[in-house]
Amino acid sequence: MPSDMVMPDESGASGRLRPGDRIAGGRGSSAFAGGAAKRWMTALGKLFRTTAFKLSLVYLTVFALFAAFLIGYFAWTTSRLITQQISETVDAEINGLSELYGQGGIRRLVLIVDARSRRPGSNLYLVTAPAGEGLAGNVGTLQPGVLDQTGLRETSYRRLDEAEDAEHHALVRVVRLPGGFRLLVGRDLEERERLHGIIGAAARWSIAIVVVLGLAGGFFVTRRVLKRIDAMTETARTIMEGNLSGRLPFAGTGDELDRLAENLNAMLERIEALMHGLKEVTDNIAHDLKTPLTRLRNRAEEALRTAKSESDYRAALENVLEESEGLIRTFNALLMIARAESGESGENTTEFDAGEIVHDVAELYAPLAEDKGLALHVEAEGAAPLKGNRELVSQALANLIDNAIKYAAPRLAAPALAPASGEAVGDAALARDAASTIVVSAGREGDRVLLTVADAGPGIPAADRDRVVERFVRLEQSRSEPGAGLGLSLAAAVAQLHRGELRLEDNAPGLKAVIVLPRA
């Protein structure tokens with residue numbers, strides 16, 4: 001078989017590439033590369049637009065300008081110092097040659113200048129006649145007019161032994177000697193120019209290194225900050241989608257981003273708690289208010305079916321009004337709780353004494369307690385100053401006293417038992433009095449004021465004390481008593497509004513409810 005033949009594959013197509021055929025995957029590879037490049041450019045543009053990168057550029061520019069100024073000042077100071085040293089050297093040699101001229105005349109000056117100008121690496125020397133002809137020296141050409149003016153100046157020159165196109169720069173001084181002769185002494189500025197070149201190269205490299213390191217540092221810092229910001233943004237996006245349990249991440253460095261994340265997390269916790277409370281309120285309203293509304297409708301329908309006389313209709317309307325009043329009280333309590341939790345009711349703040357509130361509220365509820373066979377005992381000695389909403393604090397205390405009256409053990413009549421000793425009878429009487437007494441007190445504990453309502457009723461189990469302050473929560477033993485389960489919720493909201501707390505403690509037996517508020 002000839003070596004140039006190609007066997008067809010199973011499909012009958014030859015394995016040899018034809019003109020116009022493309023390698024498989026070429027288009028996909030280019031598309032992938034294009035997408036990667038586009039993503040990279042987008043990320044890079046996002047990086048350049050960040051505040052951290054812009055601040056890094058500003059700091060880099062300021063630092064680079066400061067470095068350039070520092071290097072320029074160093075170069076200027078060094079150049080001035082070199083020029084001063086050259087000037088002093090030239091002046092010293094001018095003075096020496098002038099003295100030699102005064103001692104030996106022009107002939108001696110010419111001989112000495114000729115000898116010095118022949119030394120390797122010598123200074124510049126030139127002695128001219130009054131007409132301008134050169135008598136001695138190593139200077140071939142000068143800028144026009146240099147010899148016409150005395151003093152120190154910079155000029156370009158060429159030495160006698162150099163090519164015509166050679167050009168150097170020197171600092172020279174020209175003096176007029178007696179007799180019209182002129183003496184020029186100078187020094188080449190090659191050292192100064194070489195120093196300028198060294199400093200210029202060092203400045204360029206230094207600024208280049210500063211710029212590169214600054215950009216690298218800015219890129220690193222910006223990328224790190226941007227990474228944290230992206231994490232916060234992702235968490236915020238998750239929260240906006242409905243997941244209120246998300247929290248912003250911490251780096252643990254205690255920097256401004258950590259402080260921002262801490263404050264935002266506290267805000268998110270508050271928002272989550274409010275939304276959770278709103279959901280509970282909505283659910284509780286849907287369940288707990290459905291019963292009285294249904295009862296209200298049933299009574300109205302029953303009155304329409306069974307009422308025969310005006311008195312029957314009046315009685316039905318009175319029942320409807322009673323149910324309506326209960327619903328209005330429930331909604332008013334919910335509105336008051338919402339205002340307290342939102343801080344809206346914290347604007348009408350005044351200074352008042354907690355003892356006055358205890359006496360006023362206890363006096364208001366004393367007849368109700370007496371009807372239930374209970375006694376209210378007030379303990380409020382000494383000043384207990386508070387600053388807040390007096391009406392809300394009074395309402396919270398009234399709710400606690402109302403709960404205590406509902407659930408405290410009533411005073412019982414002495415049972416007919418067999419005769420007992422006088423001491424036993426006295427102990428039993430004391431026990432009954434203690435069980436039928438509700439203690440309402442106001443006191444101070446450090447920088448806090450305590451409003452306490454203690455009863456000897458059945459109390460609340462420790463496992464349920466956190467739950468009973470929620471809206472519409474009622475324990476099984478309280479289902480038979482009137483109410484909507486909002487009294488403790490309002491008391492807790494009022495305490496929180498005044499930066500305090502509601503504590504439910506065991507009174508052994510009974511319940512001790514304590515409103516803890518900061519003292520004014």
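Student: Let's start with the overview: how many helices and strands does the protein chain have?
Tutor: Happy to begin there, with the reminder that this is a predicted model. Counting along the protein chain gives 10 helices and 13 strands.

Student: What percentage of the 520 residues counts as buried?
Tutor: A residue is buried here when its relative accessible area is under 20%. The surface that the protein chain exposes comes to about 32500 Å², with carbon and sulfur atoms supplying 58% of it. Of the 520 residues, the buried share is 32%.

Student: And what share of the contacts with a separation of 6 or more joins residues 24 or more positions apart?
Tutor: Take the contacts in the protein chain with a separation of 6 or more as the whole. Within that set, residues 24 or more positions apart account for 61%.

Student: On to the sheet! Which strands stand at the edges of the open sheet?
Tutor: The six strands follow the order β2-β1-β6-β5-β4-β3, with antiparallel pairing. An edge strand has a single partner, so one side of it is left without a neighbour in the sheet. From one strand to the next, the twist averages 35 degrees. The edge strands are β2 (134-137) and β3 (139-142).

Student: Which residue of β4 is the bridge partner of L142?
Tutor: β3 and strand β4 (residues 151-159) run antiparallel and are joined by three bridges. Looking across from L142 into β4, you reach its bridge partner, Y157.

Student: Is strand β6 mostly covered or mostly open, and how many of its seven residues are buried?
Tutor: In the strand order, β6 sits between β1 and β5. β6 spans residues 182-188 and is mostly covered. Of its seven residues, the number buried is five.

Student: How many bridges does β6 form with β5?
Tutor: On the β1 side, β6 is joined to residues 124-128 by five antiparallel bridges, and V127 has L183 as its partner. On the other side is β5 (residues 168-176), where V172 stands opposite G186. The pairing of β5 with β6 is antiparallel too, and its bridges number seven.

Student: Which residue in the hairpin of β5 and β6 takes a positive phi?
Tutor: Five residues lie between the two strands of this hairpin. The one with a positive phi, near 100 degrees, is G179.

Student: Now the rings: is the Y73 and W76 pair stacked, tilted or edge-to-face?
Tutor: Both residues lie in helix α2 (residues 51-117), three residues apart, which is about one turn of the helix. Their ring centres are 6.2 Å apart, with 35 degrees between the planes. Planes under 30 degrees apart would count as stacked and over 60 as edge-to-face, so this pair is tilted.

Student: Does Y73 count as buried, exposed or partly exposed, and why?
Tutor: Buried requires under 20% relative accessible area and exposed requires over 50%. Y73 has 49% relative accessibility, so its class is partly exposed.

Student: What is the handedness of the crossing where α8 passes α10?
Tutor: The axes of α8 (residues 390-407) and α10 (residues 487-497) come within 9 Å and cross at roughly 145 degrees. Contact residues include L392, A396 and L400 of α8 and L488, A491 and V494 of α10. The crossing is left-handed.

Student: And at what angle do α7 and α8 pack?
Tutor: Helix α7 covers residues 354-371, and its axis lies 10 Å from that of α8. α7 passes α8 in a right-handed crossing. Among the residues in contact are V361, Y365 and L368 of α7 and L397, I401 and I405 of α8. The packing angle is about 35 degrees.

Conventions:
Residues are numbered from 1 along each chain as its sequence is written. This is a predicted model: local features need pLDDT of at least 70, side-chain atom pairs count only at pLDDT 80 or more; totals for chains, interfaces and linings use all residues. Side-chain values use heavy atoms; hydrogens and water are left out. Helices (H or I, at least four residues) and strands (E, at least two) are DSSP runs, numbered from the N terminus. Buried means under 20% relative accessible area, exposed over 50%, partly exposed in between (1.4 Å probe, protein chains only). Contact means heavy atoms within 4.5 Å. Accessible areas come from the Shrake-Rupley method with a 1.4 Å probe; for residues, only the protein chains shown count as cover. Two strands pair if DSSP finds at least two bridges between them. Rings of Phe, Tyr and Trp (its six-membered ring) pair if their centres lie within 6.5 Å; planes under 30 degrees apart count as stacked, over 60 as edge-to-face and the rest as tilted. Axes are lines fitted to C-alpha atoms, for helices over the stretch in contact, and angles run from 0 to 180 degrees between N-to-C directions. A crossing is left-handed if the near helix is turned anticlockwise from the far one by less than a right angle, and right-handed if clockwise.
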